[in-house]
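The following exercises concern helix packing and charged side-chain pairs. Each task is followed by a solution in steps.

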Amino acid sequence: MGSGCRGALLCKSSSLSFLIPSSFTSSHLRFNKSITNSNSYRMATEASSPSSATGGDTINSSANKGAACSAAAASSASSAIDFLSLCHSLKTTKRAGWIRRDVKDPESIADHMYRMGLMGLIMADIPGIDRDKCIKMAIVHDIAEAIVGDITPSDGISKAEKSQRERKALDHMCKLLGGEARAKEISELWMEYEENSSAEAKIVKDFDKVEMILQALEYENEQGKDLDEFFQSTAGKFQTELGKAWAKEIASRRKKEN
């Protein structure tokens with residue numbers, strides 16, 4: 001706009017004289033040639049320079065945003081690796097029930113959770129059931145055991161005390177993630193499972209039992225163990241038709257093996 005106005009003021013055409021305010025005198029219109037040239041050069045360089053008013057601000061803004069994104073990414077990466085490193089113990093902690101029955105090379109907590117995740121992946125579509133949610137819940141349901149370990153009824157710890165310990169552990173893990181969207185999702189999935197408060201939670205609760213008796217059958221076949229107590233502990237406790245059907249199939253295979 002500045003250069004355009006200057007051009008209008010310098011115009012001597014009578015047809016454009018209305019662009020020049022009457023308050024301007026001839027002295028206002030006498031421009032030193034060197035000053036005019038200098039101003040023209042300055043304006044030209046400003047227009048082409050990255051540090052011009054608009055261009056410079058845009059570049060600086062982009063640079064600031066880039067720096068902020070880089071810092072956020074570094075912080076996010078740090079919290080993610082802290083969280084994942086803590087979850088390492090899920091891979092190395094063996095399931096306590098099998099240890100007590102002298103099972104050789106027993107599965108880890110992560111092994112158990114992984115196959116439950118596969119159960120959610122391969123389950124048939126059921127009206128009103130969010131299959132993806134079942135998969136996520138299966139991955140999350142024992143995640144607090146990364147800190148508290150695999151607490152079983154044989155440990156003499158009440159369900160209320162077990163839940164309190166796991167809740168505290170889960171809160172710590174979610175804080176490692178910064179309490180953002182993913183941390184909130186993990187917390188909500190875990191609580192939904194604990195409270196058995198949705199159709200998906202009921203299915204995943206059944207997955208937990210199905211996975212256990214399937215593993216028990218495999219240990220019986222592989223190591224000649226009698227693990228009937230695990231089958232007895234789940235009898236009549238399945239809540240869904242899917243869980244009942246899968247448990248029935250496992251029981252039928254066990255009879256054939258015996």
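**Exercise 1: Packing of a helix**

The buried residues of α13 pack against α11 (199-223) and α12 (228-234), where contact means heavy atoms within 4.5 Å. This is a predicted model, in which local features need pLDDT of at least 70 and side-chain atom pairs count only at pLDDT 80 or more, while totals for chains, interfaces and linings use all residues. Residues are numbered from 1 along each chain as its sequence is written, and side-chain values use heavy atoms, with hydrogens and water left out.

*Task.* Determine which residues of α13 are buried and which exposed residues lie on the face turned away from them.

*Solution.*

1. Helices are DSSP runs (H or I, at least four residues), numbered from the N terminus. Helix α13 covers residues 241-257, 17 residues in total, and its first and last C-alpha atoms are 25 Å apart, close to the expected 24 Å. The expected span is 1.5 Å times one less than the number of residues.
2. Buried means under 20% relative accessible area, exposed over 50%, and partly exposed in between (1.4 Å probe, protein chains only). In α13 the buried residues are Leu 242, Gly 243, Ala 247, Ile 250 and Arg 254.
3. These buried residues fall within an arc of 125° when α13 is viewed down its axis, so they line one face of the helix. The arc is that of the directions from the helix axis to the C-beta atoms.
4. On the face turned away from the buried side, α13 carries the exposed residues Glu 241, Lys 248, Lys 255 and Lys 256.

**Exercise 2: A salt-bridge network**

*Task.* Identify the residues with which Arg 115 forms salt bridges.

*Solution.*

1. A salt bridge is a side-chain nitrogen of Lys or Arg within 4 Å of a carboxyl oxygen of Asp or Glu. By this rule there are 16 salt bridges.
2. Arg 115 pairs with Glu 211, with closest N and O atoms 2.8 Å apart. Arg 115 lies in helix α6 (residues 109-122) and Glu 211 in helix α11, so this pair ties together parts 96 residues apart in sequence.
3. Arg 115 is partly exposed at 21% relative accessibility, whereas Glu 211 is buried at 1%.
4. Arg 115 also forms a salt bridge with Glu 218, the closest N and O atoms being 2.9 Å apart. Glu 218 lies in helix α11, so its pairing with Arg 115 of α6 links parts 103 residues apart in sequence. Glu 218 is partly exposed, at 23% relative accessibility.

How values were computed
Helices (H or I, at least four residues) and strands (E, at least two) are DSSP runs, numbered from the N terminus.
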